[in-house]
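Work through the following exercises with the structure in view, trying each task before you read its solution.

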Amino acid sequence: MFIRHNTIASNIHRMYSQNISSMAKSAERLSSGYRINRAGDDAAGLAISEKMRAQIRGLNMASKNCMDAVSLIQTAEGALQEVHSMLQRMNELAVQAASDTNVTIDRNALQLEFENLQEEIDQIARTTKFNDTLLLIGNDSPVKNVIPGEGVINVDPAVTSLVMGDMIVSGAAEGTVVSVVTGAAAGAPFAAGEWDEKGNFTLTLSAAAGQTIDQSMVDLAIENASGTVPNGAEDFNISIGTWSYTAAGNTVAGEKIGSVTLVNPEKGQINPNIGYAVIDLMINDTDTVKLYCQGNVGKDIMFTFRQGIDRPVGGGVSFHVNSWWLPDGTLHADIVIQGNAEFGQDDINHILAVADQAPVSQKPADIDSSIYKIWFDRPYKTTKPSNGKLQPQIVTLEPREQIEEEEPEAEPGVIIIQSGPEEGQILPINIVSMDTKGLGITKEQANISTREGASNAITITRDAINKVSTQRAYLGAMQNRLEHRINSLDNISENLVAAESRIRDADMAKEMSNFTKMQILTQVATAMIAQANAIPQNILQLLG
């Protein structure tokens with residue numbers, strides 16, 4: 001018999017500790033309701049459960065998104081119901097006005113009601129919102145097209161003391177004239193701006209020899225310009241390169257050296273892939289001719305104008321041109337001008353024709369000559385400038401974005417609904433413009449003040465009724481689709497919750513049974529430890 005190590009008691013204590021630990025875990029599961037309270041309880045089960053929880057919560061939120069979309073559709077459809085009612089009344093008025101039983105004063109009264117209904121349709125389209133999202137205006141993105149209306153001012157060759165960088169004008173209305181006036185002054189350089197009563201702008205620059213006028217000075221001059229700023233010039237801007245006086249002692253005080261008139265030729269040819277630029281060619285000391293360039297965005301055109309002394313041209317030919325494409329996409333036109341000769345659009349058209357005859361290797365692959373065009377605003381007769389030479393002119397074609405008043409054809413406004421828990425599970429809702437323009441019933445299109453106009457308005461209003469009917473039918477179909485999607489999402493969520501519960505939740509009956517078992521075993525182990533501790537006392541009988 002041994003008394004140093006009571007192995008029986010040690011064994012019983014180990015089992016007692018295990019029973020206590022198992023009972024504690026059962027108590028934790030019973031109190032929390034979860035079978036997995038930490039990763040150590042079931043590492044793989046925890047990972048699966050958390051993935052399912054993400055799916056469940058995504059499904060629940062997607063279901064909510066779809067319910068919000070149903071509310072959005074109901075809002076739009078409710079507004080269109082009123083539009084339908086007004087269109088029916090407008091059709092009724094058109095039918096009435098188309099009859100000659102009505103005289104002019106009658107038709108004028110009918111037209112008054114007709115116009116008010118048109119205005120109310122526009123009002124509904126502009127104000128129908130769901131959570132600040134306009135619903136009935138279709139594609140409401142600002143309409144931006146690349147348009148001409150910005151130019152590069154070049155120095156009159158007679159003014160040799162002034163070096164000017166490119167000047168880009170934006171934000172002014174078509175027809176605005178932007179003039180530059182220079183002068184010499186002692187001290188620091190300055191710039192000043194002035195709007196006249198016609199809405200034209202004059203930028204006055206003054207500096208001493210060698211001084212530079214920078215962009216910040218021009219910006220300040222525009223901001224503090226005197227006169228009344230015309231409507232449409234809120235975003236007026238002039239961007240310049242470097243302006244500096246380089247010849248000491250030479251002044252050009254008060255001399256107007258250039259101007260840009262904002263024009264918009266050939267509006268019908270505007271498209272986003274074409275850039276425009278305008279340059280003033282200072283052919284003589286007193287006048288300018290405008291040259292317009294249209295072609296690949298981001299490319300340069302360099303025009304070198306020279307007097308016809310090294311390659312004389314005659315026989316009635318006004319000028320000769322050598323033109324070619326450079327590897328970087330620049331079009332170079334070397335123009336030799338016959339003194340006092342007249343040249344015009346037919347002559348300048350030869351530039352591209354000659355350039356396209358250059359070796360193919362010199363013409364970049366991304367150049368499309370079919371969208372290049374160069375034209376003068378008018379024929380021009382050249383004279384020899386006072387300094388005996390013409391300077392090179394460069395035009396860089398860049399997109400100049402400006403919002404036009406005209407809107408494109410009605411395009412659907414797309415509202416994207418995240419209708420599922422995964423990326424790409426979306427449902428687009430398309431609502432076309434439901435204002436008078438989108439419906440084709442603007443005041444210019446539909447007018448019932450005359451019998452002919454009223455007769456035409458009958459067809460126009462009925463077409464508009466059909467457009468609204470089509471849109472309402474589409475919205476109704478989308479609402480039904482969304483309601484089915486909600487039912488499907490809720491059903492999937494319910495089944496996933498059940499599956500996740502089987503992994504994560506505790507089986508209360510099983511855990512209670514296990515807890516009771518561990519409780520009894522713990523009590524038994526406690527009693528057995530007491531018996532094991534009494535066994536060494538038998539040694540005393542041997543010692544007695």
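**Exercise 1. Find which residues glycine 193 touches, leaving out residues up to four places away in sequence, and describe where this glycine sits.**

Step 1. With contact taken as heavy atoms within 4.5 Å, glycine 193 touches Phe201, Thr202, Ala221, Ala225 and Ser226, once residues up to four places away in sequence are not counted. This is a predicted model, in which local features need pLDDT of at least 70 and side-chain atom pairs count only at pLDDT 80 or more, whereas totals for chains, interfaces and linings use all residues. Residues are numbered from 1 along each chain as its sequence is written, and side-chain values use heavy atoms, with hydrogens and water left out.

Step 2. Glycine 193 belongs to strand E8, residues 190-195, where helices (H or I, at least four residues) and strands (E, at least two) are DSSP runs numbered from the N terminus.

Step 3. The terms for accessibility are buried for under 20% relative accessible area, exposed for over 50%, and partly exposed in between (1.4 Å probe, protein chains only). Glycine 193 has a relative accessibility of 10%, and therefore counts as buried.

Step 4. Along the chain, glycine 193 and aspartate 219 are 26 residues apart, and their C-alpha atoms are separated by 9.5 Å.

**Exercise 2. Decide whether lysine 373 is buried, partly exposed or exposed, and locate it in the fold.**

Step 1. Lysine 373 is found in strand E20, which covers residues 373-376.

Step 2. Its relative accessible area is 27%, so lysine 373 is partly exposed.

Step 3. Isoleucine 351 is 22 residues from lysine 373 in sequence, while in space the two are 9.6 Å apart, C-alpha to C-alpha.

**Exercise 3. Describe the largest nonpolar core and state which elements supply it.**

Step 1. A nonpolar core is a set of buried Ala, Val, Leu, Ile, Met, Phe, Trp, Tyr and Cys residues joined through side-chain atoms within 4.5 Å. The largest one holds 55 residues, of which Val83, Leu87, Leu136, Ile429, Leu439 and Ile448 touch the most other members.

Step 2. At least two residues of this core come from each of helix H2 (43-97), helix H3 (104-127), strand E24 (413-418), strand E25 (426-431) and helix H8 (451-504). The largest share, 20 residues, is supplied by H2.

Step 3. Valine 83 touches Ile121, Ile124, Leu439 and Val468, not counting residues up to four places away in sequence. Apart from this core lies another, of 15 residues, among them Trp195, Ala221, Ile222 and Ile238.

Step 4. As a general background, nonpolar side chains tend to be buried together in soluble globular proteins.

**Exercise 4. Examine how helix H9 packs, and then follow serine 26.**

Step 1. Helix H9 (residues 508-534) has 27 residues and reaches 39 Å from its first C-alpha to its last, close to the 39 Å expected at 1.5 Å a residue; the expected span is 1.5 Å times one less than the number of residues.

Step 2. The buried residues of H9 are Glu511, Phe515, Met518, Thr522, Ala525, Ile529 and Ala532, and they pack against H1.

Step 3. Serine 26 lies in helix H1, residues 7-32, and is buried because its relative accessible area is 0%. Leaving aside neighbours within four places in sequence, serine 26 is in contact with Glu511, Asn514 and Phe515.

Step 4. The side chains of serine 26 and asparagine 514 are joined by a polar contact of 2.7 Å. Such a contact is a pair of N or O atoms within 3.5 Å; within protein, one must be able to donate a hydrogen and the other to accept it, and residues adjacent in sequence count only if both atoms are side-chain atoms.

**Exercise 5. State how many salt bridges a search of the whole structure finds, and examine the one between aspartate 100 and arginine 107.**

Step 1. A salt bridge is a side-chain nitrogen of Lys or Arg within 4 Å of a carboxyl oxygen of Asp or Glu, and the search of the whole structure finds 14.

Step 2. The side chains of aspartate 100 and arginine 107 meet in one of them, at 2.8 Å from N to O. Aspartate 100 is exposed, with a relative accessible area of 57%, whereas arginine 107, at 8% relative accessibility, counts as buried.

Step 3. Salt bridges with shared partners join Glu50, Arg53, Glu500 and Arg504 into one network.
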